[in-house]
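The following note offers comments for a colleague working at the bench. Please read the numbered points alongside the model.

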Amino acid sequence: MIDCHEAMRRLWEYLDGTATNADRGAVERHLARCRRCCGELDFAIELRRLLADSRSEDLPDDVRHRLTAALEDLTDD
């Protein structure tokens with residue numbers, strides 16, 4: 001089974017629909033068994049929805065970079 005960090009790294013591609021079938025399966029297996037990450041899928045879906053609703057492409061580059069860094073920090077635990 002993949003570890004939490006790897007599952008969260010693959011989660012973004014999973015949500016974008018760009019993950020391979022093997023990666024999709026690995027993420028799904030991890031999230032089904034890992035109590036530590038059980039809320040991460042819901043969190044990521046809500047975050048993606050929030051970013052889409054707030055037209056994140058209009059954010060200044062420095063804000064987008066800080067947001068990306070913050071998201072990476074959340075998944076580095």
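1. Neighbours within four places in sequence aside, Asp 23 is in contact with Arg 10 and Glu 13. This acidic residue belongs to helix H2. Asp 23 counts as buried because its relative accessible area is 18%, and the cut-off for that class is under 20%.

2. The model is a predicted one, and confidence should be kept in view throughout. The mean pLDDT of the protein is 76, with 71% of its residues reaching 70 or more. Among the elements, H2 has the highest mean pLDDT, 89, whereas helix H4 (residues 61-75) has the lowest, 67.

3. The geometry of H2 is consistent with its length. At 1.5 Å a residue, its 13 residues should span 18 Å, and the end C-alpha atoms are 18 Å apart, so the two values agree. Besides Asp 23, the buried residues of this helix are Gly 25, Ala 26, Val 27, His 30 and Leu 31.

4. Helix H1 also passes the length check: a span of 18 Å is expected for its 13 residues at 1.5 Å each, and its end C-alpha atoms lie 19 Å apart, which agrees. H1 nevertheless contains a kink of about 30°, centred on Arg 10. Arg 10 is itself one of the buried residues of H1, a set that also holds Cys 4, Glu 6, Ala 7, Met 8, Leu 11, Trp 12 and Tyr 14.

5. The largest nonpolar core comprises 14 residues, and Met 8, Leu 11, Val 27, Leu 31 and Cys 37 have the most contacts inside it. Two or more residues are given to this core by each of H1 (4-16), H2 (21-33) and helix H3 (40-53). H1 supplies the largest share, six residues. In soluble globular proteins, nonpolar side chains tend to be buried together.

6. Val 27 illustrates how H2 meets the N-terminal part of the chain. Residues up to four places away in sequence being left out, Val 27 touches Ile 2, Ala 7, Arg 10, Leu 11 and Tyr 14. Arg 10 is thus shared, as it is in contact with Asp 23 too.

7. Which cysteine sulfur is nearest to that of Cys 34? It is the sulfur of Cys 4, 3.6 Å away, and Cys 34 is in no disulfide. That distance fails the criterion because a disulfide requires sulfur atoms within 2.5 Å. The count for the model is zero disulfides. Both cysteines are buried, Cys 4 at 14% relative accessibility and Cys 34 with a relative accessible area of 11%.

Conventions
Residues are numbered from 1 along each chain as its sequence is written. This is a predicted model: local features need pLDDT of at least 70, side-chain atom pairs count only at pLDDT 80 or more; totals for chains, interfaces and linings use all residues. Side-chain values use heavy atoms; hydrogens and water are left out. A nonpolar core is a set of buried Ala, Val, Leu, Ile, Met, Phe, Trp, Tyr and Cys residues joined through side-chain atoms within 4.5 Å. Buried means under 20% relative accessible area, exposed over 50%, partly exposed in between (1.4 Å probe, protein chains only). Helices (H or I, at least four residues) and strands (E, at least two) are DSSP runs, numbered from the N terminus. Contact means heavy atoms within 4.5 Å. pLDDT is the predictor's confidence in each residue, from 0 to 100. The expected span of a helix is 1.5 Å times one less than its number of residues. The bend at a residue is the angle between axes fitted to the seven residues ending there and the seven starting there.
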